[in-house]
Amino acid sequence: MESQEAVTNATAATSSVPTKHEFSVDMTCEGCANAVTHILNKLGGVQFGIDLPNKKVCITSEHSVGTLLETLEKTGKAVSYLGPK
């Protein structure tokens, strides 16, 4: 059990832990999803999943919500932050 506690403490001590965030992005087609993919890949340091039918993007990153929101807005689509996932 000591090793599990050590892992938990080490994780808590890490200053930049990637966080998963969910955004609503007004995507209507594959082209929209490709624009989101392109802009997030350009930002770097992100892992993401796109749910086109539900117009949602889940992003795991150390970047701030503000940075992620600004980046997604560069697609020209309406974007809103839904909260942590």
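Me: How many disulfides does a search of the whole structure find?
Reply: This is a predicted model. A disulfide needs two cysteine sulfur atoms within 2.5 Å. The sulfur of Cys 29 has its closest cysteine sulfur in Cys 32, 3.7 Å away, so the two are too far apart for a bond. The search of the whole structure ends at 0 disulfides.

Me: Is Cys 32 buried or exposed?
Reply: Buried means under 20% relative accessible area. Cys 29, with 36% relative accessibility, counts as partly exposed. Cys 32 has a relative accessible area of 5%, so Cys 32 is buried.

Me: In what order do the elements of the protein chain run from the N terminus?
Reply: The secondary structure comes to 3 helices and 4 strands. From the N terminus on, the order is α-β-α-β-β-α-β.

Me: Which element gives the largest share of the largest nonpolar core?
Reply: That core has 14 residues, and Val 25, Leu 40, Ile 59 and Leu 72 have the most contacts inside it. Two or more residues come from each of β1 (19-25), α2 (30-43), β3 (56-61) and α3 (65-73). The largest share is 5 residues, and it comes from α2.

Me: Which residues does Ile 59 touch, leaving out those up to four places away in sequence?
Reply: Ile 59 is among the residues with the most contacts inside the core. Its partners include two others from that group, Leu 40 and Leu 72. The full list is Thr 19, Lys 20, His 21, Phe 23, Leu 40, Val 46, Gln 47, Phe 48, Leu 68 and Leu 72.

Me: Within what arc do the buried residues of α3 fall, seen down the helix axis?
Reply: The buried residues of α3 are Leu 68, Thr 71 and Leu 72. They line one face of the helix, because they fall within an arc of 95°.

Me: What covers the buried residues of α3?
Reply: The residues to be covered are Leu 68, Thr 71 and Leu 72. One helix in the cover is α2. Strands take part as well. The cover includes β1, α2, β2, β3 and β4 (79-84).

Me: Is the pair of Phe 23 and Tyr 81 stacked, edge-to-face or tilted?
Reply: The count comes to 1 aromatic pair. Planes under 30 degrees apart count as stacked, and over 60 as edge-to-face. The ring centres of Phe 23 and Tyr 81 are 5.1 Å apart and their planes stand at 55°, so the pair is tilted.

Me: How many residues apart are Phe 23 and Tyr 81?
Reply: Phe 23 is buried, at 0% relative accessibility. Tyr 81 is partly exposed, at 31%. Phe 23 lies in strand β1 and Tyr 81 in strand β4, so the pair links distant parts of the chain. The separation is 58 residues.

Me: What is the phi of Lys 55?
Reply: Most residues other than glycine have a negative phi. Lys 55 is not a glycine, yet its phi is positive. Lys 55 lies in the loop between β2 (46-51) and β3, and counts as partly exposed at 31% relative accessibility. Its phi is about 55°.

Me: What percentage of contacts between residues at least 6 apart in sequence join residues at least 24 apart?
Reply: The protein chain has 85 residues, of which 25% count as buried. Among its contacts between residues at least 6 apart, the share that joins residues at least 24 apart is 62%.

Notes: Residues numbered from 1 in each chain as written. Predicted model: local features only at pLDDT ≥ 70, side-chain atom pairs only at ≥ 80, totals over all residues. Heavy atoms only, no water. Core = buried A, V, L, I, M, F, W, Y, C linked by side-chain atoms within 4.5 Å. Buried < 20%, exposed > 50% of the residue type's maximum accessible area, 1.4 Å probe, protein only. Contact = heavy atoms within 4.5 Å. Arc of directions from axis to C-beta. Phe/Tyr/Trp six-rings, centres within 6.5 Å; stacked < 30°, edge-to-face > 60°.
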